[in-house]
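Q: I'd love a close look at one part of this structure, with its surroundings filled in. Could you walk me through it in one go?

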Amino acid sequence: MTTAPIECVTVEGVEVDTRHWIDGQRVASESTFDDISPIDETVIATIHAGGAKEVDAAVAAAQAAFPAWAGLPRAERAEILRAVAAGIDERAEDLARVETRDNGSLLRSHRRGVMPRVGNNFRFFADYLDSLDHPDGDIRGHRERVSYDPAGVAAIITPWNAPLMLATWRIGPALAAGNTVVAKPPEWAPLTASLLADITKKAGLPDGVFNVVQGTGAEAGAPLTAHPGIRRLSFTGSVPTAGVIAKAAAPNIVPLSFELGGKSPLVVFADSDFELAVSLAVEQFDNSGQVCLGAFRILVEDSIAERFTEAVLERARAVVQGDPRDEATDMSCLISRAHFEKVDGFVRRAVAAGARPILGGGPNTELGHLYYRPTILVDAEPGSEILTEEVFGPVLTIQTFAGEEQAIELANNTRFGLAATLVTGDPERAERVSARLNAGTVWVNCFFVRDLGAPFGGNGQSGIGREGGIYSFDFYTDVKNTVFAP
Ligand code: NAD
């Protein structure tokens, strides 16, 4: 006898539907996968695993819903999206609790920053629609109009490290632009996407405009990326997956937006505000280092290197590791057993190759499970794996440099180019060095300061394209130029 898979589960007191969301309906699959909480490695939900059949149904629903949604006056679309934002704000605590249980990220971060930002991902792009209207231009006596036409169905595939924030950062502008969406959440943290479906329904988003197909990358993600019915493909994740996706999408000539990994530097000059530089270094342990734009390669000017390293070490020792639901916790666990082994492998190989751990360097044996200790490595061999590959864990390296030229050379010595952080007390140096850093975002004497209107994306293997403000609308619309004769 086979039993039907469970449809709903209660996580941290919040009921979550474990099925897909297609055309305004919950849809079940015969196969399922386990959703394991990294906090204690227990199975917290059994999720319906989609494949080509569910993807076809979701894309068909999104295609059917497209003309009416695209045809709605912008003000009406914006009003519905503001209602979605209000629904997110209303359920922020539920979303925070569920996401914390699902991916082990800090509850206090969700309460203070992440969930407000999730609501803003809809509100900002709804508001932004007004600024897409600008007066017609003049081209040799002809009237010229630039318009932003909805493109069609947008496929949105996202990772687990900030699941709802990263998904809504694309879903918000895609819907605001008049597209319909099929989202494929990460299989390691699939729950909040399901809650978002409930919120969109309650906010009055028409059926089929937003769809969620749960499942693994290979089974649900792959058929979505190869589907001829999609007109935009936004992918956030790792470089190897991006390569596979680019190939799958190529025959359909689908515009791609890729936001991928990084190996970002934190460049600290001797003239910097010392305390600020130390704080910025220790801040990189946020989310257990599972942050794409984290500045894990610390480059410090040799004259202050010893004092700086000591100060970072002292502050890093004070990082409180523990259960992410506890408000006192600064750093929790890694997402999965496989990822834990991967991070540990990087550290072991680095140490075998001559790097020296001055902090951590292995699992937190007191906490067990997937808790990896905050780790700082020095003396890594130039060009070695630990200095060039993305670890995506709580592992910082410290290298020294002598003068500006070497700082820039080391900072840019990577195939990535997502972000770079520079700390200096000299405004002229700030101008000179920031201009030469190869990164989509450069922060000078700050970190993580972002406006949703600013372009965000990476150079090199950190991605293709930019999103944010008008850059999002450039991507999620078919930009049209119409020229009227006088
Ligand atoms: P991943 O590439 O393994 O998976 C990301 C998503 O792609 C998941 O939803 C997965 O199911 C899906 N996927 C996997 N194989 C697929 C396939 N063949 N076809 C279609 N979809 C497929 O990445 P991850 O481990 O989940 O996330 C970590 C990576 O994401 C890191 O490299 C990190 O730097 C990057 N990241 C980048 C940003 C950014 O904005 N630049 C933000 C967060 C994370």
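In which sense do strand β14 and strand β15 pair, and over how many bridges?

A: Happy to take you through it, keeping in mind that this is a predicted model. Strand β14 (residues 265-268) pairs with strand β15 (residues 297-301) in the parallel sense, and four bridges join the two. Within this pairing, V267 sits opposite L299 of β15.

Now for the sheet around that pair. β14 and β15 belong to an open sheet of seven strands, ordered β16-β17-β18-β15-β14-β19-β20, and the pairing across the sheet is mixed. The edges are formed by β16 (356-359) and β20 (441-444); each has a single partner strand, so one side of each has no neighbour in the sheet. On average, neighbouring strands here are turned by 25° against each other, direction ignored.

A helix also belongs in this picture. Helix α13 (residues 403-411) lies across β14 and β15, and also across β18 (395-401) and β19 (419-423). Its direction is at about 150° to that of β18.

Strand β18 is worth a stop of its own, with L396 as the residue to look at. L396 counts as buried because it has 26 C-beta neighbours inside 10 Å, where 20 or more are needed. Leaving aside neighbours within four places in sequence, L396 is in contact with A281, Q284, F296, I298 and I376. A85, by contrast, is 311 residues from L396 along the chain, and their C-alpha atoms are separated by 36 Å.

Going back along the sequence from β14, you come to strand β13 (residues 256-259), which contains E259. The UniProt record, an unreviewed entry, places the feature "active site" at E259; such an annotation may be inferred rather than shown by experiment. E259 has 28 C-beta neighbours inside 10 Å and therefore counts as buried. Not counting residues up to four places away in sequence, E259 touches T236, G457, G458 and G463.

One more element rounds off the tour: helix α5 (residues 163-176). At 1.5 Å a residue, its 14 residues should span 20 Å, and the end C-alpha atoms are indeed 20 Å apart, so the two values agree. Of the 14 residues of α5, 14 are buried, so the helix is largely enclosed by the rest of the structure. Just after α5 comes G178, with a positive phi of about 100°.

Methods. Residues numbered from 1 in each chain as written. Predicted model: local features only at pLDDT ≥ 70, side-chain atom pairs only at ≥ 80, totals over all residues. Buried ≥ 20, exposed ≤ 12 C-beta atoms within 10 Å, placed from the backbone. Contact = placed C-beta atoms within 7 Å. Expected span 1.5 Å × (residues − 1). Pairing = 2+ DSSP bridges. Axes fitted to C-alpha atoms, helices over the stretch in contact; angles between N-to-C directions.
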